[in-house]
Structures are given as structure tokens and as C-alpha cells.
Amino acid sequence: MGYCLFNNVAVAARHARACWGLGRVAIADFDAHHGNGTQAILADDPAFFYASSHQYPCFPGTGRELQRGLTGNVACVPLIPNSTGAHFRAAWKEIILPALDRFAPELLILSAGFDAHAADPAAHLQLAAQDFAWLTTELVRIASAHGRGRIVAVLEGGYHHGALATSVIAHIRALMGSDLPSR
């Protein structure tokens, strides 16, 4: 069991398929912890794709690379403690982003966790706000290519207030595709 009592992104993904008539919905999870609940809810349905980079080992102790889902619709990339932004970007660029492109989601939902920031006490990853902005830009590109720009971000984690603030601002700027002036 992870941190969720109700899994917001999985509920949103199922709702999008049932009520909006979408054929393929993907969840991209960049929280420092593996979304074991999200994966468990969606992995047996080929209409969903779940992708996660996360620290391993770390709570909840799941998310090994060999987990692929029922039809190859899961991509887990565990990052060892103290992995840097370069490791994070390589995981997404080499494994997860190509898999998302192949899946061609009509809607992309982001489990936007910022506890992988170097200053965050919840994990031991060494990311910076620019790493989240880079990934968000790449995910917006995929949403534009396959889903007419349909992308939803759900805040999942971030426990250092300063790091959370700078990361969320960088993320929102990338979602908007603009260079908003910084404060």
C-alpha cells in the first residue's frame, strides 16, 4: 500500500475513458515514490499506460524494472538513491518517452510529484526544478502529438516548501509553453 486512500489519477483515467469516450489514457508518474496503487489499478487494462520513474529502494518497495503490465502497458524505471537529473532525464528519454509515444495517448495525466528534488527530505534523489521543466516540456509534446494537447497535472508530493514552489513554477511554465517572468 502506498500513500493514497483514493487514487486520484486512476479515478480520473477511468472517468476519462468512461465519460469522454477516449480510447487510450496514459499516466506519467515522476513522484519519488512508485505509484503502486495506480499501477495495480490500471496494469491489467491495455487501454491504459502507466509510466513511472522513482527511487528504488524506497517506500513502498515496488516498481522494479521487470514490471511491464498485462500487455506491456507499464514502464517502471527505478532510480538508485542519489541519482541526478542526468540519470532522471536518461530514464525518460531512453525508455519512458519512447514507450509513451508508441502508446499514443489521447489524454496524458501527470502524477506530478516534486519530492525527487535534491532539497526534499522524503527521498534521496538529486533533481532540480529544471529537470521537472524539461520533462514537462517533453510530456506536453507527446500530449500535443497524440491527444490534441490534452494533459492534466495532479500534484502528488513535495515536502520542502522552497523546492516545491520553484519546481511547481517551472512545471507550470512548461505546461503553458511560456517563459513567464520569475518572481
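In this predicted model, R14 pairs up with D45 in a salt bridge, and the closest N and O atoms sit 3.6 Å apart. R14 belongs to helix α1 (residues 8-20), while D45 is in the loop between α2 (36-42) and β2, so the contact ties together parts that are 31 residues apart in sequence. Neither end is fully hidden: R14 comes out as partly exposed at 36% relative accessibility, and D45 is partly exposed too, with a relative accessible area of 21%. The value for D45 is 21%, and the buried class takes in residues under 20%, so D45 falls outside that class.

Side chains of opposite charge can pair when their charged atoms come close. The count for this model comes to 5 salt bridges. Another of them joins R24 to E106, with 3.4 Å between the closest N and O atoms. This pair, too, links distant parts of the chain: R24 sits in the loop between α1 and β1 (25-29), E106 sits in the loop between α3 and β4, and the two positions lie 82 residues apart in sequence numbering. Here the two ends differ in how much surface they show. R24 is partly exposed, with a relative accessible area of 30%, whereas E106 is buried at 18%.

A more local pairing turns up in helix α4. R141 forms a salt bridge with E138, and the closest N and O atoms are 3.4 Å apart. Both residues lie in that helix, 3 residues apart, which is about one turn. R141 counts as partly exposed, at 38% relative accessibility. The story doesn't stop with two residues, though: salt bridges that share partners bring D101, E138 and R141 into one network.

The backbone has a few quirks as well. A104 has a phi near 55 degrees, a positive value in a residue other than glycine. Its place is the loop between α3 (85-103) and β4 (107-113), the loop that also holds E106. A104 is buried, with a relative accessible area of 15%. R148 likewise has a positive phi, near 55 degrees, and is not a glycine either. R148 is found in the loop between α4 (129-147) and β5 (151-157). Unlike buried A104, R148 is exposed, with a relative accessible area of 73%.

One peptide bond also deserves a mention. The bond from Y56 to P57 is cis, with omega near 5 degrees. P57 itself lies in the loop between β2 (48-55) and β3 (74-79).

Conventions. Residues numbered from 1 in each chain as written. Predicted model: local features only at pLDDT ≥ 70, side-chain atom pairs only at ≥ 80, totals over all residues. Heavy atoms only, no water. Helix = DSSP H or I, 4+ residues; strand = E, 2+ residues; numbered from the N terminus. Buried < 20%, exposed > 50% of the residue type's maximum accessible area, 1.4 Å probe, protein only. Salt bridge = Lys/Arg side-chain N within 4 Å of Asp/Glu carboxyl O.
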